[in-house]
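Trainee: Hi, have you got a few minutes to go through a structure with me? I'd like to learn how to read one.

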Amino acid sequence: MENFPIVKQYSYEYQTQVADLILHIQQQEYNIPITRDDQPDLFKIEEFYQTGNGNFWVAIYNDKVVGTISLLDIGNNRVALRKMFVDKNYRGTKFKTASLLLNTALEWAKEHSVEVIYLGTTPQFLAAHRFYEKNGFTRINPSDLPDSFPVLQVDKLFYQYFVQ
């Protein structure tokens with residue numbers, strides 16, 4: 001049994017587990033009224049995320065998807081960080097799942113000449129806000145987002161990160 005999850009690039013074999021994990025966290029844990037139908041990207045991850053400077057990763061622990069993260073290419077060497085979710089049993093310092101996922105995405109961004117990462121999040125995700133800020137993301141006004149950034153209905157807070 002490994003100590004930490006392994007982060008792998010997404011492949012279709014993880015499709016069902018990815019959708020189930022994300023929907024469970026959104027609906028059950030945070031009571032966000034969002035459905036499968038509201039998120040068609042979850043069912044075409046390769047075409048939606050794994051193009052250009054974008055990609056999608058899963059954290060695997062004992063053959064189970066316990067976390068996800070993606071970068072969506074929005075043009076001009078910029079990406080949107082999306083679908084960052086970690087199973088509540090794998091959060092925190094014991095498993096370091098969120099850090100492993102974020103570090104993988106940041107490394108990818110650096111290797112692919114990405115200059116800025118943007119993200120939107122909901123006010124409920126307080127631990128996520130602390131996590132992003134601790135990792136160098138700074139809060140910005142919605143007016144500071146590039147026009148190509150896809151604002152989701154649930155997103156009310158926005159961050160940016162300058163890739164070194």
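**Chatting through the model**

Mentor: Happy to. Let's begin with one residue: leaving out residues up to four places away in sequence, Ser70 touches Tyr49, Asn55, Phe56, Trp57, Ala80, Leu81, Arg82 and Lys83. Keep in mind that this is a predicted model.

Trainee: Okay! Where does Ser70 lie?

Mentor: Ser70 is in strand β3.

Trainee: And is Ser70 buried or exposed?

Mentor: Ser70 has a relative accessible area of 0%, so it counts as buried. One of its contacts is Phe56. Those two are 14 residues apart in sequence, and their C-alpha atoms are 4.1 Å apart in space.

Trainee: Next topic: the core. How many residues does the largest nonpolar core have?

Mentor: The largest nonpolar core has 54 residues. Those with the most contacts inside it are Val18, Leu71, Leu81, Ile117 and Phe137.

Trainee: What does Phe137 touch?

Mentor: Not counting residues up to four places away in sequence, Phe137 touches Leu81, Leu102, Ile117, Leu119, Tyr132, Tyr159, Gln160 and Tyr161.

Trainee: Gln160 is on that list. Why does Gln160 count as buried?

Mentor: Gln160 counts as buried because its relative accessible area is 14%, and the cut-off for buried is under 20%. Gln160 sits in strand β7, which covers residues 157–162. Beyond its sequence neighbours up to four places away, Gln160 touches Val116, Ile117, Tyr118, Gly136, Phe137, Thr138 and Ile140.

Trainee: Can we look at a helix now? Tell me about α1.

Mentor: Sure. α1 has 15 residues and reaches 21 Å from its first C-alpha to its last, close to the 21 Å expected at 1.5 Å a residue.

Trainee: Which residues of α1 are buried?

Mentor: They are Gln15, Val18, Ala19, Leu21, Ile22, Leu23, Ile25 and Gln26. Here is a handy idea for reading a list like that: an α-helix has 3.6 residues a turn, so residues three or four places apart point the same way.

Trainee: What covers the buried residues of α1?

Mentor: The cover includes α2 (45–49), β2 (55–61), β3 (64–75) and β4.

Trainee: And what follows α1?

Mentor: Asn31 follows α1, and its phi is positive, near 50 degrees.

Trainee: Is a positive phi something to notice?

Mentor: Most residues other than glycine have a negative phi. Two further cases here are Asn77, with a positive phi of about 55 degrees, and Ser113, with a positive phi of about 60 degrees. Neither Asn77 nor Ser113 is a glycine.

Trainee: Where are Asn77 and Ser113 found?

Mentor: Asn77 is in the loop between β3 and β4, while Ser113 is in the loop between α3 and β5. Asn77 counts as partly exposed because its relative accessibility is 32%. Ser113, at 48% relative accessibility, is also partly exposed.

Trainee: Let's switch to pockets. What volume does the largest pocket have?

Mentor: Its volume is about 770 Å³. There are 35 residues lining the largest pocket, and the closest to its centre are Met84, Phe85, Phe125, Ala128 and Tyr132.

Trainee: Which element gives the most to that lining?

Mentor: That is α4, with seven residues. At least two lining residues each come from α1 (15–29), β4 (78–86), α3 (97–111), β5 (116–121) and α4 (126–134). By class, the lining of the largest pocket has 19 nonpolar, nine polar and seven charged residues.

Trainee: And the second largest pocket, how much space lies in it?

Mentor: About 230 Å³. Its lining has 13 residues, and those nearest the centre are Ile34, Asp38, Gln39, Leu152 and Gln153. The lining of this second largest pocket divides into six nonpolar, two polar and five charged residues.

Trainee: One last residue, please. What about Val86?

Mentor: Val86 lies in strand β4. With a relative accessible area of 8%, Val86 is buried. Leaving aside neighbours within four places in sequence, Val86 is in contact with Ile25, Val66, Gly67, Arg91, Thr97, Ala98 and Leu101.

Trainee: Ile25 was on the list of buried residues of α1!

Mentor: Well spotted. Ile25 is a buried residue of α1, and Val86 is in contact with it.

Methods
Residues are numbered from 1 along each chain as its sequence is written. This is a predicted model: local features need pLDDT of at least 70, side-chain atom pairs count only at pLDDT 80 or more; totals for chains, interfaces and linings use all residues. Side-chain values use heavy atoms; hydrogens and water are left out. A nonpolar core is a set of buried Ala, Val, Leu, Ile, Met, Phe, Trp, Tyr and Cys residues joined through side-chain atoms within 4.5 Å. Buried means under 20% relative accessible area, exposed over 50%, partly exposed in between (1.4 Å probe, protein chains only). Contact means heavy atoms within 4.5 Å. On a 1 Å grid over the protein atoms alone, a cavity is a set of points where a 1.4 Å probe fits but cannot get out, and a pocket is an open set with protein on both sides within 12 Å along at least five of seven lines; lining residues have an atom within 4 Å of a point. Grid points are joined across faces, edges and corners, and a volume is the space filled by probe spheres set on the points. Helices (H or I, at least four residues) and strands (E, at least two) are DSSP runs, numbered from the N terminus. Ala, Val, Leu, Ile, Met, Phe, Trp, Tyr, Cys and Pro count as nonpolar, Asp, Glu, Lys and Arg as charged, and the others, Gly among them, as polar. The expected span of a helix is 1.5 Å times one less than its number of residues.
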